[in-house]
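Here are my notes for your review. They go point by point, with the model open beside them.

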Number of protein chains: 4
Amino acid sequence: MKSPGAAAPRPAVGARQPRAERTRQRIMEAGARLLSSEGYHQTSSKKIARAAGISVGSFYNHFRDKKELLLAVYREHVARVHQMIFDALQGGGLGAGLEGRRLVEAVVGQALRLHTLSPEFHRQMMALRHTDEDVGRVVAEEDERVVRLLMEMLSSSNSRRLRVDDLEAAARVVIIAVEEVVHGIKVSVPPPIGEERLIAALSDMVHRFLFR
Amino acid sequence: MKSPGAAAPRPAVGARQPRAERTRQRIMEAGARLLSSEGYHQTSSKKIARAAGISVGSFYNHFRDKKELLLAVYREHVARVHQMIFDALQGGGLGAGLEGRRLVEAVVGQALRLHTLSPEFHRQMMALRHTDEDVGRVVAEEDERVVRLLMEMLSSSNSRRLRVDDLEAAARVVIIAVEEVVHGIKVSVPPPIGEERLIAALSDMVHRFLFR
Amino acid sequence: MKSPGAAAPRPAVGARQPRAERTRQRIMEAGARLLSSEGYHQTSSKKIARAAGISVGSFYNHFRDKKELLLAVYREHVARVHQMIFDALQGGGLGAGLEGRRLVEAVVGQALRLHTLSPEFHRQMMALRHTDEDVGRVVAEEDERVVRLLMEMLSSSNSRRLRVDDLEAAARVVIIAVEEVVHGIKVSVPPPIGEERLIAALSDMVHRFLFR
Amino acid sequence: MKSPGAAAPRPAVGARQPRAERTRQRIMEAGARLLSSEGYHQTSSKKIARAAGISVGSFYNHFRDKKELLLAVYREHVARVHQMIFDALQGGGLGAGLEGRRLVEAVVGQALRLHTLSPEFHRQMMALRHTDEDVGRVVAEEDERVVRLLMEMLSSSNSRRLRVDDLEAAARVVIIAVEEVVHGIKVSVPPPIGEERLIAALSDMVHRFLFR
DNA sequence: TATGAATGAGCATTCATTCAT
DNA sequence: GATGAATGAATGCTCATTCAT
């Protein structure tokens with residue numbers, strides 16, 4: 001298992017013109033904030049520029065258009081999360097092979113953490129993925145990486161306890177279920193029932209599905 | 001169990017002014033078509049009016065604004081689907097209590113049918129629910145009805161085979177998992193792996209979760 | 001020879017909503033004025049709207065875009081000029097066949113009048129015809145009509161005095177020469193030499209070319 | 001008759017700072033290419049800089065603004081053409097005095113060659129001359145030189161065969177007619193009738209006008 | 001001289017909604 | 001009820017030009 005590359009669309013961060021890099025960072029921060037709180041369609045390039053303390057023109061010097069900013073923010077966000085997952089798994093004794101309750105808890109825990117990081121932005125991406133082709137494609141790509149990660153983990157589990165044979169289908173279904181249930185929990189305010197009850201049910205479901 | 005009411009914001013269809021009602025219907029049909037194919041933000045009131053063969057002004061005589069049309073279309077759509085579920089369960093001998101594989105298959109089957117009806121419109125609603133408060137609320141209300149329906153079905157099952165005690169949490173988790181996996185299947189073109197494999201995995205997961 | 005149709009892109013003028021027609025006229029008048037004095041690229045839709053005393057939105061209710069306005073103004077302008085030519089030729093005893101000096105003077109005279117009507121607007125069209133495909137096509141179409149008109153006139157002349165055999169080539173060359181020389185005269189301020197001298201030379205050239 | 005000076009706004013080409021001069025040349029080449037293919041309004045200074053392999057700032061170090069580049073390119077272009085004319089006339093035995101068919105053919109031939117060199121750029125200048133005061137003035141100046149050249153040629157012809165007395169008016173009218181007919185030929189794609197027919201008619205017209 | 005980030009006014013166009021007829 | 005002309009704020013984006021490094 002390798003460290004997840006960030007797929008950065010720019011050369012090495014921090015290289016080149018330091019001023020430009022700083023501006024780019026400021027735009028991305030302002031963009032992440034606005035996109036999260038206002039939503040894509042309500043966030044105009046003018047607002048972004050003002051929030052970043054620069055001019056509109058400058059914004060367009062750094063990003064081809066609004067969507068490019070959105071995707072850049074998303075990719076950075078995902079890269080951070082992937083790094084967290086990777087680190088966590090390393091710490092958990094990856095070589096021994098996580099399995100049973102421990103693995104399920106790791107997966108659900110990561111999904112929870114992912115939403116804690118920036119639930120609003122995540123919400124926006126989920127909305128846009130159904131509406132915009134480019135966003136849909138990028139989100140799908142990231143999902144693929146997660147699916148493959150889970151498949152690797154499952155196939156290195158103790159096979160006697162594993163209860164599924166179609167590993168890929170199982171991985172996909174589990175990923176979607178976990179992501180969406182967690183998303184649903186974080187998004188519905190107020191939640192109709194306690195978060196712990198839902199998490200417990202979710203964990204049970206996944207555990208009973210995958211393991212004996 | 002009662003027949004699911006349509007929550008119609010208007011009196012009985014066909015009653016009262018027949019002309020106004022017919023116009024309203026034409027707007028809703030045109031709206032459903034456009035909202036599905038173009039998306040909410042790309043569907044202007046002018047387009048809707050033209051497609052319905054009426055004037056913009058007339059559109060605003062029948063609906064307060066675009067969102068009201070959207071929600072009206074959604075509600076009608078959902079009412080139709082609920083009726084289908086209700087009919088199906090009646091036919092399946094509801095009194096006897098559906099359980100085990102049969103119940104899981106019924107639930108997954110209904111979700112599949114719901115998307116077959118109008119997958120694009122459903123996709124739009126999923127996008128908007130995260131973005132627009134009103135839409136989110138209405139969608140959540142409809143979800144509540146489905147959750148309660150599943151809970152009723154579970155509690156009338158043979159309790160010896162039932163494996164869960166927190167019925168509500170289980171119902172919520174199952175509903176989200178089923179809806180989203182099915183949605184994911186219908187939405188990703190081309191799907192990364194065969195639909196049947198995903199459906200099989202989904203059914204297994206739900207079955208193992210709920211029943212011994 | 002038939003009266004030159006106006007190729008109007010709208011139904012009968014004055015029909016339908018009288019208010020809309022009046023607004024359309026005001027836009028066209030304001031547009032003709034601004035396009036002439038400021039030039040196409042310098043005339044913004046905002047300016048046009050302000051000059052017409054309406055809102056930007058209203059402008060776009062009546063014309064798809066700026067170019068559609070330009071072409072509408074041009075077509076109206078050309079239709080007026082063609083009507084003038086037609087009337088003039090009728091008066092000049094068209095049946096008898098205009099020839100020699102009389103014909104040349106008629107042609108040159110019309111060209112002069114055309115520029116008198118609205119030289120600045122004409123100048124703009126000449127600029128745009130080289131730059132914009134649509135404008136180029138429309139101007140070329142109008143030129144074709146004039147060429148065919150001259151050909152008809154030439155072929156109904158006394159053939160003994162006619163000095164050219166390739167009527168079409170002759171007509172095209174004469175039209176271009178007359179239009180451009182006249183245009184050059186009207187456009188260059190101050191003219192390097194007296195207008196009458198240029199007109200005389202032009203008339204001589206055309207006359208000696210066409211007739212014995 | 002003297003060799004036509006280029007009216008270059010810079011010292012002798014190649015002198016002084018060789019680096020600066022080379023950069024200037026690269027900008028002019030890139031500019032000529034872009035201005036021809038994209039048009040003045042569509043050619044941004046950024047594009048020019050990129051095409052020339054330099055920075056925007058550098059562009060503005062060498063040219064006050066976009067228009068100065070345009071005019072520089074035009075002047076260079078014209079200088080090249082004038083040199084060609086001059087060389088051609090030298091070769092044709094200028095001292096003997098070109099006249100009749102030979103002179104007409106020389107004039108028309110040069111106009112054709114001028115367009116062959118860079119018809120698109122020429123087209124752009126024709127558009128701009130009507131729109132931009134500076135361009136108009138520069139083009140007019142160049143036209144003056146051509147008019148005077150033709151006048152010289154006419155006045156050194158055998159006066160018995162010459163048919164015009166107002167030499168200047170004749171020269172102006174002929175220049176415009178030749179330039180515009182040739183321009184029309186090169187510009188209209190596809191041409192409505194064969195190029196040779198138009199050229200033949202044009203030559204006949206000019207010949208019959210000027211000579212017995 | 002060279003660089004390229006920064007500027008900000010400006011532009012064409014859209015669109016939900018109103019309202020006089 | 002129906003009509004459709006009118007509204008004008010708002011949007012995404014461009015571009016000639018400047019200037020600190």
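How many helices and how many strands does chain A have? Chain A has nine helices and zero strands. Please keep in mind that this is a predicted model.

1. **Chain A overall.** The order of elements from the N terminus is α-α-α-α-α-α-α-α-α. Chain A has 212 residues, and 35% of them are buried. Take the contacts in chain A between residues at least 6 apart in sequence: 68% of these join residues at least 24 apart.

2. **DNA strand E.** The strand has 36 residues around it. Those that come nearest are A:Gly57, B:Asp65, C:Ser44, C:Asp65 and D:Gly57. Chain A gives two or more residues from each of helix H1 (18–38) and H3. Chain D does so from helix H1 (18–38) and H3. In chain C the elements are helix H2 (45–52) and H3, and in chain B the element is H3. By class, the surface near strand E has 19 polar, 10 nonpolar and seven charged residues.

3. **DNA strand F.** Here 35 residues surround the strand. The closest are A:Ser44, B:Gly57, C:Gly57, D:Ser44 and D:Asp65. Helix H1 (18–38) and helix H3 (56–62) each give two or more residues in chain B, and so do helix H1 (18–38) and helix H3 (56–62) in chain C. Chain A uses helix H2 (45–52) and helix H3 (56–62), while chain D uses helix H3 (56–62). The class count near strand F is 18 polar, 10 nonpolar and seven charged.

4. **Chain A against chain B.** The contact involves 31 residues of chain A and 31 residues of chain B. On the chain A side, helix H6 (119–129), helix H8 (167–187) and helix H9 (195–210) each supply at least two residues. H8(A) has the largest share, with 11 residues. The side of chain A that touches chain B holds 17 nonpolar, eight charged and six polar residues.

5. **Chain C against chain D.** Chain C puts 31 residues into this contact, and chain D puts in 31 residues. Two or more residues of the chain C side come from each of helix H6 (119–129), helix H8 (167–187) and helix H9 (195–210) of chain C. The largest share is that of H8(C), at 11 residues. By class, the chain C side has 17 nonpolar, six polar and eight charged residues.

6. **Helix H6 of chain C.** Is H6(C) mostly covered or mostly open? H6(C) is mostly covered, with eight of its 11 residues buried. Among them are C:Phe121, C:Met125, C:Met126, C:Ala127 and C:Leu128. The buried set also includes C:His122, C:Gln124 and C:Arg129.

7. **H7 and H8 in chain A.** Two packed helices are described by the angle between their axes and the distance between the axes. The axes of helix H7 (residues 133–155) of chain A and H8(A) cross at roughly 125 degrees and come within 9 Å. H7(A) and H8(A) are therefore oblique to each other. Their crossing is right-handed. On H7(A), the contact is made by A:Asp143, A:Val146, A:Val147, A:Leu150, A:Met151, A:Leu154 and A:Ser155. On H8(A), the residues are A:Leu167, A:Glu168, A:Ala171, A:Arg172, A:Val174 and A:Ile175. The contact has nine nonpolar, three charged and one polar residues.

8. **H7 and H8 in chain B.** Helix H7 (residues 133–155) of chain B packs on helix H8 (residues 167–187) of chain B at about 125 degrees, with the axes 9 Å apart. That angle makes H7(B) oblique to H8(B). H7(B) passes H8(B) in a right-handed crossing. Residues in the contact include B:Val146, B:Leu150 and B:Leu154 of H7(B), and B:Ala171, B:Val174 and B:Ile175 of H8(B). The class division is nine nonpolar, one polar and three charged.

9. **A loop residue in chain D.** D:Leu162 lies in the loop between helix H7 (133–155) and helix H8 (167–187) of chain D. Why does D:Leu162 count as partly exposed? D:Leu162 does so because it has 17 C-beta neighbours inside 10 Å. Leaving aside residues up to four places away in sequence, D:Leu162 touches D:Leu154, D:Ser157, D:Leu210 and D:Phe211. D:Gly184 is 22 residues from D:Leu162 in sequence, and their C-alpha atoms are 28 Å apart in space.

Terms used
Residues numbered from 1 in each chain as written. Chains lettered and ligands numbered in written order. Predicted model: local features only at pLDDT ≥ 70, side-chain atom pairs only at ≥ 80, totals over all residues. Near = placed C-beta within 6 Å. Helix = DSSP H or I, 4+ residues; strand = E, 2+ residues; numbered from the N terminus. Nonpolar A, V, L, I, M, F, W, Y, C, P; charged D, E, K, R; others polar. Contact = placed C-beta atoms within 7 Å. Buried ≥ 20, exposed ≤ 12 C-beta atoms within 10 Å, placed from the backbone. Axes fitted to C-alpha atoms, helices over the stretch in contact; angles between N-to-C directions. Parallel < 35°, antiparallel > 145°, perpendicular 65-115°, else oblique. Left-handed = near helix turned anticlockwise from the far one by under 90°.
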